[in-house]
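Colleague: Could you take me through one part of this model in some detail? I would like to hear about the charged side chains and what lies around them.

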Amino acid sequence: AVVSTQSTGILQAVYYIFAVLVDIYNALRGKRCAKLKIWLDWWFSTLVFPITLLVTVLFWSLFAINREYVAPPREGGDWIQLNPVFNHLLHTYIMFWALVEPLVTPIAVAKKRQGLLVIAILAVTYTAWSYLVFLKMGKWAYPILNILTDAQRVVFILVSYLLVVGIFLVSRVYHKSFGRADLSQKKSQ
């Protein structure tokens, strides 16, 4: 689960750094660059928000069932118990920023079909990467996958995919409730 947490942290960090740079660029120019805002909104609504919530929901769900599913002590998972503040920074705090962003900066959501396609491509790529790690290392990157049978593993991955799709679809409603239209509608206006 560390890999997923790190990937999400990097995804968020790059997004927020880029968002700050866009704000600085816009301030120096004295006007907003609509194309950069559309790109940022697309990135946030398609990747940052759904993936962040997926990591948070999966981590805390698995942690609640059995801590060893996400960080077995025998594999260096003691840090979760030893430093709960750091654990919350990685797995709870990231969700806070994802939920607050649309309150502070209205987000125009990506087209539904486009968002679902990007999520599907990311899911297949990430699953393939996880499988390659397994082939090279002889164990899965996520402790939960090491204890599941092949059939259970497939179900877990499919449920995770359906969960992120559900989060993406619900997030469209969440983002739209703060007053921004679809990116597809913005282009035609």
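Modeller: Happy to; here is a walk from the overall fold to the charged residues and their surroundings.

Please keep in mind that this is a predicted model. The chain has nine helices and zero strands, and 37% of its 189 residues count as buried. Among contacts with a separation of 6 or more, 75% join residues that are 24 or more positions apart.

Let us start with the salt bridges, of which the structure holds two. One of them pairs Asp41 with Lys37, with the closest N and O atoms 2.7 Å apart. These partners sit four residues apart in helix 2, so about one helical turn separates them. Asp41 counts as buried because its relative accessible area is 0%, and Lys37 is buried too, because its value is 12%, under the 20% cut-off.

Now look at Glu101, which you will find in helix 5 (residues 93-104). Glu101 is buried but has no salt bridge. The nearest side chain of opposite charge belongs to Lys37, 5.8 Å away. That distance does not qualify because a salt bridge needs the nitrogen within 4 Å of a carboxyl oxygen. What does Glu101 touch, leaving out residues up to four places away in sequence? Its contacts are Tyr15, Tyr16, Phe44 and Ile107.

Two of those contacts lead into the largest nonpolar core. This core has 23 residues, and Tyr15 and Phe44 are among those that touch the most other members, together with Leu11, Leu40, Trp43 and Val48. At least two core residues come from each of helix 1 (2-29), helix 2 (34-65), helix 5, helix 6 (112-137) and helix 8 (150-176). Helix 2 gives the most, with 10 residues. As an example of the packing, Leu11 touches Trp43, Leu47, Val48 and Ile51, not counting residues up to four places away in sequence.

Lys37 turns up once again, in the second largest pocket. About 230 Å³ of space lies in this pocket. Of its 13 lining residues, the closest to the centre are Ala19, Asp23, Lys37, Leu40 and Thr105. Helix 1 and helix 2 each supply at least two residues of the lining, and helix 1 has the largest share, with seven residues. Lys37 therefore belongs to the lining of this pocket and is still buried, because a relative accessible area of 12% is under 20%.

The other pair to look at is Asp150 and Arg153, whose closest N and O atoms are 2.6 Å apart in their salt bridge. Both lie in helix 8, three residues apart, which is about one turn of the helix. Here the partners fall in separate classes: Asp150 counts as exposed because its relative accessibility is 57%, whereas Arg153 is buried at 11%.

Arg153 also brings us to Leu145, a residue of helix 7 (residues 143-147). Leaving aside neighbours within four places in sequence, Leu145 is in contact with Trp140, Arg153 and Phe156. Leu145 is buried because its relative accessible area is 4%. Its C-alpha lies 8.4 Å from that of Phe156, at a separation of 11 residues in sequence.

To sum up, Lys37 forms the salt bridge with Asp41 and is the nearest side chain of opposite charge to Glu101, while Arg153 pairs with Asp150 and touches Leu145.

Conventions: Residues are numbered from 1 along each chain as its sequence is written. This is a predicted model: local features need pLDDT of at least 70, side-chain atom pairs count only at pLDDT 80 or more; totals for chains, interfaces and linings use all residues. Side-chain values use heavy atoms; hydrogens and water are left out. Buried means under 20% relative accessible area, exposed over 50%, partly exposed in between (1.4 Å probe, protein chains only). Lys and Arg count as positive and Asp and Glu as negative; His and the chain ends are not counted. Contact means heavy atoms within 4.5 Å. A nonpolar core is a set of buried Ala, Val, Leu, Ile, Met, Phe, Trp, Tyr and Cys residues joined through side-chain atoms within 4.5 Å. On a 1 Å grid over the protein atoms alone, a cavity is a set of points where a 1.4 Å probe fits but cannot get out, and a pocket is an open set with protein on both sides within 12 Å along at least five of seven lines; lining residues have an atom within 4 Å of a point. Grid points are joined across faces, edges and corners, and a volume is the space filled by probe spheres set on the points.
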